[in-house]
Amino acid sequence: MIKSIFRIKLLFLCFFLAACQSINHSRAELNIPPSAVIFSFDDGPNAHGDTTARLLDVLKKYQIYALFSLLGENVEHNPELVRRINNEGHFIVNHGYSDKWASRMNDDEFRDNLARGEAAITAALGHELYPKLYRPHGGFYTTGQEQIFREAGYTLVASNIRAHDAVVDRTKQRKIVKQIITKATRQNGGIILLHDERDSHFRMEKELAKKPQGVFNRSWIPETVEEIIIALLGKGFIVVSPDILFTMQIH
């Protein structure tokens with residue numbers, strides 16, 4: 001009985017993945033020059049433990065410009081961080097409004113979630129989002145959703161270097177650093193994906209109340225990013241500005 005249930009779940013997962021497209025691309029597909037990396041951070045902004053603020057301090061120290069994929073709900077709780085991200089020269093990416101996976105939404109829900117995410121960012125900035133960049137929450141999206149965000153003027157922001165840091169806590173910090181360095185080396189650069197928050201503000205507050213040092217505590221990310229930067233620079237990598245993506249048109 002248990003094996004049958006497992007097979008059904010596995011079959012469902014296969015159908016689900018087959019019906020979706022992923023943000024995971026190769027460096028060649030992204031048109032990133034060899035030995036170059038771009039940093040990107042999902043689900044913020046996050047004021048808990050001054051995580052996003054300290055991350056911005058690290059990036060400023062090394063004069064690095066990054067991509068910040070922001071959830072509209074989190075933007076509404078931390079508009080001052082959104083303005084700081086923008087004012088310090090980073091690129092803001094619409095990550096949708098809620099923390100529901102994009103691929104689990106129907107087209108109408110997806111369209112509304114995309115628009116609400118943009119509206120929250122626009123309200124925080126005081127001006128329209130430009131360039132219009134999008135990364136789906138959960139990392140998967142359907143063909144229909146791609147048509148929707150492209151018709152809305154958005155360019156997809158993909159990635160090729162990730163270590164699934166959002167599902168681990170501080171005790172796995174060394175492992176995350178090692179995985180990012182290994183993958184960057186193996187692929188000779190690309191777009192690194194990390195998380196300065198996990199999911200929505202409300203969910204984070206709830207989960208931290210139950211387990212303060214659990215996976216929703218992202219306060220270790222800034223120091224982790226600094227370790228990664230130092231290691232990559234030591235290996236001869238260069239960290240380039242995300243605006244290279246617009247001239248090379250990633251898809």
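Which elements do the buried residues of α10 pack against? The views below take up this helix and several other sites in a predicted model.

**View 1. The buried residues of helix α10 and their neighbours.** These residues pack against β2 (36-44), α3 (51-61), α8 (173-187) and β9 (189-195). They are I221, P222, T224, V225, E226, I228, I229 and L232. The helix has 14 residues, which should span 20 Å at 1.5 Å a residue. Its end C-alpha atoms are 20 Å apart, in agreement with that value. G236 follows α10. The phi of G236 is positive, near 90°.

**View 2. N217, in the loop between α9 and α10.** Helix α9 covers residues 201-210, and helix α10 covers 221-234. N217 has a relative accessible area of 5%. Buried means under 20%, so N217 is buried. Its side chain makes a polar contact of 3.5 Å with the side chain of Q213. Leaving aside residues up to four places away in sequence, N217 touches H48, L208 and P212.

**View 3. The salt bridge between E226 and K61.** The two side chains meet at 2.8 Å, N to O. This pair links distant parts of the chain. E226 is in helix α10 and K61 is in helix α3, 165 residues apart. Is each partner buried or exposed? E226 has 19% relative accessibility, so E226 counts as buried. K61 has 58%, so K61 counts as exposed.

**View 4. The salt bridge between R135 and D42.** The side chains of R135 and D42 meet at 2.8 Å, N to O. Here too, the pair links distant parts of the chain. R135 sits in the loop between β5 (133-134) and β6 (140-141). D42 belongs to strand β2, and the two residues are 93 residues apart. Both R135 and D42 are buried.

**View 5. The salt bridge between E146 and R150 in helix α7.** The side chains of E146 and R150 meet at 3.0 Å, N to O. Helix α7 spans residues 143-151. The partners lie four residues apart, about one turn of the helix. E146 counts as buried because its relative accessibility is 18%. R150 is partly exposed, with a relative accessible area of 30%.

**View 6. A network of salt bridges joining D57, R84 and E88.** These three residues form one network through salt bridges that share partners. How many salt bridges does the structure hold? The total is 14.

Notes. Residues are numbered from 1 along each chain as its sequence is written. This is a predicted model: local features need pLDDT of at least 70, side-chain atom pairs count only at pLDDT 80 or more; totals for chains, interfaces and linings use all residues. Side-chain values use heavy atoms; hydrogens and water are left out. Buried means under 20% relative accessible area, exposed over 50%, partly exposed in between (1.4 Å probe, protein chains only). A polar contact is a pair of N or O atoms within 3.5 Å; within protein, one must be able to donate a hydrogen and the other to accept it, and residues adjacent in sequence count only if both atoms are side-chain atoms. Contact means heavy atoms within 4.5 Å. The expected span of a helix is 1.5 Å times one less than its number of residues. A salt bridge is a side-chain nitrogen of Lys or Arg within 4 Å of a carboxyl oxygen of Asp or Glu.
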